[in-house]
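Subject: Structure handover and notes

Hello,

Here is the structure I said I would pass on. Please look it over with the notes that come after it.

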Amino acid sequence: MATSSPRETAAALPPLTSGPHRKRLGLISIVACFGGLLFGYDTGVINGALRPMSEELGLTPFTEGVVTSSLVFAAAVGALSGGRISDAWGRRRTILLLSVLFFVGTMIVVFTPGYEVLVAGRVCLGLAVGGASAVVPVFLAELAPYEIRGSIAGRNEVAIVIGQLAAFVINAIIGNVFSESPSVWRVMFAISALPAVALFIGMLRMPESPRWLVEKGRHREALEVLKTVRSEERAIAELGEVEHVAEEERAEHQIGLGAILSNKNLIRILLVGIGLGIAQQLTGINSIMYYGQIVLIESGFSANAALIANIAPGVIAVVGGFIALYLMDRLDRRKTFMIGLTLTTTCHLLIGASSMLLEEGNPLRPFVILALVVAFVGSMQTFLNVAVWVYLSEVFPLHMRGVGIGVSVFMLWVANGVLSLYFPSLVAAVGITGTFFLFAGVGALALLFVYTQVPETRGRTLEALEEDVTTGAIYTVKAPNS
């Protein structure tokens, strides 16, 4: 494969201009990010709904873990299959399918008569959540100009934490106002039907990914889509770049799983994606998002106070998400990862030390641990969560993008599921102190992994990245100081 033309094309691309096409791109990102909003709400709502749910349905600690983790393990399957389906059907049609799954899963949970049907509903929601986590970032990355790809693709992660914050706030309001109602948790879940409907209606009017259209030989449609989100001159230039790479892939038979397994550089970048996904989850971030109330109760808060205090990590996650969007196109991805892992590991050490030094009954203990949990979530969201999802959406070549992000996010969700299933048992066995010291050890290993294995991707077109990844040049090329 030639190593110069896409990079030369990128250098010669007409500059971005303002106009209706920029507003159109913004609208597309808002509509698609309803998938991220649903992702966040459906993963965060369990945080406050679990206790009343358990009381009404008679759940045991084990079945509580099954109900919580069933969504997460199903999300792993959804991520893997969602990536493959989006390669075959298209990004837009797959997102439409996911919106239907979100709605159906919500209805099953809301009207469930018992534990078994509840788990079935959570599995349906998990398939939708996993699919959205793999498809929406790719859809946004493939539509965005390379200069602002980080901030456009990163909007999905901000939508996720807005969804989680919405779940925490709604849980706190409904849970405290209607605390005597045994079915209050059903109302908490029912709220998510609204964004599911909005996603379906909105995506009916959204375009398909132009890069997917080129991959399928539908060049005229791809140009029409690009002209709606770029100036005409820029659209024509970008289409030529994408066509060039797609033609070379077909000429060299670089399509399908066989192409990945026959190229050591593609295998290596797939392992990088898997490693990043697992590292993100083993920081323990979703243990806080799923079991934050339990952690705060263990720290010394009462149940109702913990439900309210739990809003604080949700607020800082949203604030951190907006800061991350500002940084995404200004700070290299590797540097962002390393800052984030350094800060989160430090927070883990401080949480563990505080829970060890401040004895139970000390009035300062719950507030100190809450402050450190908030600092951890803020660090995670500002420097790791958004950056990891953006990185996974951009690093894989077009012909393996669905498979690459699908496999990486599959492993991310598997790690998430194992942690969500065993986190209560881990806290019961070693306490908050041991749990967060363990997270700190994993964080140190993740920092070493990023430093030695993760290449830079910022500041280049997807097509230029594709050449560098395929040839292995990505490990020697540095991002421009833009």
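The notes below cover one helix, the aromatic contacts, the empty spaces and a few contacts between distant parts of the chain. Please keep in mind throughout that this is a predicted model.

Helix H21

Helix H21 runs over residues 365-394, which is 30 residues. From its first C-alpha to its last, H21 reaches 42 Å, close to the 44 Å expected at 1.5 Å a residue. The helix has a bend of about 50 degrees, placed at Gln-381. Of the 30 residues of H21, 25 are buried, so the helix is largely enclosed by the rest of the structure. H21 comes up again below, in the aromatic pairs and in the lining of the largest cavity.

Aromatic contacts

The count of aromatic pairs comes to 7. One of them is formed by Phe-301 and Phe-367, which meet edge-to-face, with 5.3 Å from centre to centre and 75 degrees between the planes. This pair links distant parts of the chain: Phe-301 is in the loop between helix H17 (285-299) and helix H18 (303-309), while Phe-367 is in H21, 66 residues apart. Are these two rings buried or exposed? Phe-301 has a relative accessible area of 12% and is buried, because the cut-off for buried is under 20%. Phe-367 counts as exposed at 54% relative accessibility, because exposed begins over 50%.

A second pair involving H21 is that of Phe-337 and Tyr-391. Their ring centres are 5.6 Å apart and their planes stand at 65 degrees; planes over 60 degrees apart count as edge-to-face, so this pair is edge-to-face. Phe-337 belongs to helix H20 (residues 333-357) and Tyr-391 to H21, so the contact ties together parts that are 54 residues apart in sequence. Both Phe-337 and Tyr-391 are buried.

There is also an aromatic cluster, made up of Phe-39, Trp-389 and Trp-413.

Two arginines are placed over aromatic rings. The charged end of Arg-268 sits over the ring of Tyr-475, at 3.6 Å from its centre. Arg-93 lies over the face of Trp-89, where the distance to the ring centre is 5.7 Å.

Pocket and cavities

The largest pocket has a volume of about 360 Å³. It is lined by 18 residues, and the closest to its centre are Pro-61, Glu-64, Tyr-291, Ile-294 and Pro-424. Which helix gives the largest share of this lining? That is H17, with 6 residues. The helices that each supply at least two residues of the pocket lining are helix H4 (46-57), helix H5 (61-89), H17 and helix H22 (401-453).

As for enclosed space, a search of the whole structure finds 5 cavities of 30 Å³ or more. The largest cavity holds about 150 Å³ of space. Its lining has 18 residues, and those nearest its centre are Phe-39, Glu-157, Gln-281, Asn-286 and Asn-385. Phe-39 is also a member of the aromatic cluster described above. Helix H3 (34-44), helix H9 (155-177), helix H16 (264-281), H17, H21 and H22 each supply at least two residues of the cavity lining.

Contacts between distant parts of the chain

Thr-17 lies in the loop between helix H1 (5-12) and helix H2 (20-32). It is partly exposed, with a relative accessible area of 35%. Thr-17 is 213 residues from Arg-230 in sequence, yet their C-alpha atoms are 7.8 Å apart.

Thr-228, in helix H13 (residues 219-229), is likewise partly exposed, at a relative accessible area of 34%. Between Thr-228 and Gly-19 there are 10 Å from C-alpha to C-alpha, and the two are 209 residues apart in sequence.

Ile-28 is part of helix H2 and counts as buried at 1% relative accessibility. Its C-alpha is 8.3 Å from that of Leu-140, and 112 residues separate the two in sequence.

Gly-284 is found in the loop between H16 and H17. At 2% relative accessibility, Gly-284 counts as buried. The C-alpha atoms of Gly-284 and His-348 are separated by 9.4 Å, with the two residues 64 apart along the chain.

Regards

Note on methods: Residues are numbered from 1 along each chain as its sequence is written. This is a predicted model: local features need pLDDT of at least 70, side-chain atom pairs count only at pLDDT 80 or more; totals for chains, interfaces and linings use all residues. Side-chain values use heavy atoms; hydrogens and water are left out. Helices (H or I, at least four residues) and strands (E, at least two) are DSSP runs, numbered from the N terminus. The expected span of a helix is 1.5 Å times one less than its number of residues. The bend at a residue is the angle between axes fitted to the seven residues ending there and the seven starting there. Buried means under 20% relative accessible area, exposed over 50%, partly exposed in between (1.4 Å probe, protein chains only). Rings of Phe, Tyr and Trp (its six-membered ring) pair if their centres lie within 6.5 Å; planes under 30 degrees apart count as stacked, over 60 as edge-to-face and the rest as tilted. A charge sits over a ring if NZ of Lys or CZ of Arg is within 6 Å of the ring centre and within 35 degrees of the ring normal. On a 1 Å grid over the protein atoms alone, a cavity is a set of points where a 1.4 Å probe fits but cannot get out, and a pocket is an open set with protein on both sides within 12 Å along at least five of seven lines; lining residues have an atom within 4 Å of a point. Grid points are joined across faces, edges and corners, and a volume is the space filled by probe spheres set on the points.
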